[in-house]
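Welcome, and please open the structure in your viewer. We will move from one selection to the next and look at what is there.

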Amino acid sequence: MHDRAGTGSGKAGRSPATTVTASAMATGQSVEPVDTVPIGEIDLAAMPPGRKWRCWLQVATGLRQPVMVPFVVARGVSPGPTVFAVAGVHGNEYEGMEAIRATFAALDVGRLAGTFAGIPVANPYAYAARSRTTPLEIDGLNLARIFPGNPDGSPSAVLADHLFRLIGRSLGPDDLLIDFHSGSAEVAFATIVGVRAPASPARARSEAAARHFGLPALWEIPDSRGPLNAETTRAGIPTIGTETTGRAGFDARGFAALGMGLARVMAYLGMIASEQAPVAATGPFRPTREMLAPSSGFFRTSLKLHDEVEAGELLGSLVDIFGDRVAEIQSPCAGSVWAVRETCAVESGETLCYIALR
Ligand SMILES: [Zn+2]
């Protein structure tokens, strides 16, 4: 392994033993142990080539203790693009976290062109609580709805602001942001890769990267305000996003697919050698229809991921607590099931399933 500087022995929320600034890291002097760096001092371009680093990014969010965000960087010996991968924007989506850690561990900086940067857990508040969102006692916010953040906002909004500025100053039009997500605790997702819908000068590069991620299911993610991958797309940064199983667990196949996708994209960008020629998925980017529960109830369904359904097909029914039917759920379109609720109890307005249009 090439991790000569990375000791990362601190823990989130604890006082760091040693503070090492980015300038010290850039000179390659006095870099051990690398415990914590104020996030505003991170400058990827100033980091020396041929090194791996891992550290805590210290983010002052207005609480008594700063939040510590784990950060890994592998700087190749030769120049090239930067791939910046982020997981854990939702704290209980674990496959992408492991994909980042495995990729960082496996990279040989002596054979790497460019830079791999990774944040395996973007929302340590949510991760510590094993929840999707920041706990209520902090601010209860969903980090994936509040980018580009607010420096004067609550802790999650300040965290989003710092993360977004780090990503923004680290990436240009030849680089790539990867935003790893998984299904929620209640709704399982197919393993898919996508690009955001907003028109962006980065759209062509985003599409090419998504195609070379190597998954057959390509998603036209509907635009909305606040997700990291929507706002980086809007900012002109080539961006892809993923989903995989989730359920607040760890799916080994989903993890493997994300890790292989990361390697394939880096090979496509010329950052690492690959024994195989890059292969691009050729299908269309498919939009999805999200089906929401029209009322609260118990979702009776035999629907499974990847099922093919027809327009008007009965997907399931909602029954009340005595078993009386309160709604029938019919597919609005022909397509493939890319997400399905597996926790049967549902509140009005919550997700039942996603259908990818055929
Ligand atoms: Zn997510």
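## A walk from sheet to zinc

Start by selecting Arg300 and Ser317: Arg300 stands opposite Ser317, which belongs to strand S14. Keep in mind as you look that this is a predicted model.

Now widen the selection to residues 297-300, strand S12, and residues 314-319, strand S14. The two strands run antiparallel and are joined by three bridges.

Which strands complete this sheet? Add S15 and S17, and you have an open sheet of four strands in the order S15-S14-S12-S17, with antiparallel pairing. At its edges are strand S15 (325-330) and strand S17 (345-346), each of which pairs on one side only.

Next, select the zinc ion. Its coordinating atoms are ND1 of His90, two OE atoms of Glu93 and ND1 of His181, at 2.0 to 2.4 Å. Along the chain, these donors follow the spacing H-x2-E-x87-H. Where do the two histidines sit? His90 is in the loop between strand S4 (78-86) and helix H2 (95-106), while His181 is in the loop between strand S6 (176-180) and strand S7 (187-189), so the pair ties together parts that are 91 residues apart in sequence.

Turn on the angles around the zinc ion: the four donor atoms give values of 58 to 154 degrees, and the site is irregular. Tetrahedral would require all angles to lie between 85 and 135 degrees.

Finally, show the surface and look for the two histidines. Are they buried or exposed? His90 counts as buried, at 3% relative accessibility, and His181 is buried too, with a relative accessible area of 9%.

Methods: Residues are numbered from 1 along each chain as its sequence is written. This is a predicted model: local features need pLDDT of at least 70, side-chain atom pairs count only at pLDDT 80 or more; totals for chains, interfaces and linings use all residues. Side-chain values use heavy atoms; hydrogens and water are left out. Donors are N, O and S atoms within 2.8 Å of the metal (3.2 Å for Na, K and Ca); water is not among the atoms, so sites may look incomplete. Four donors count as tetrahedral if all angles lie between 85 and 135 degrees; four count as square planar and six as octahedral if opposite donors are over 155 degrees apart and all others between 65 and 115; anything else is irregular. Buried means under 20% relative accessible area, exposed over 50%, partly exposed in between (1.4 Å probe, protein chains only). Two strands pair if DSSP finds at least two bridges between them.
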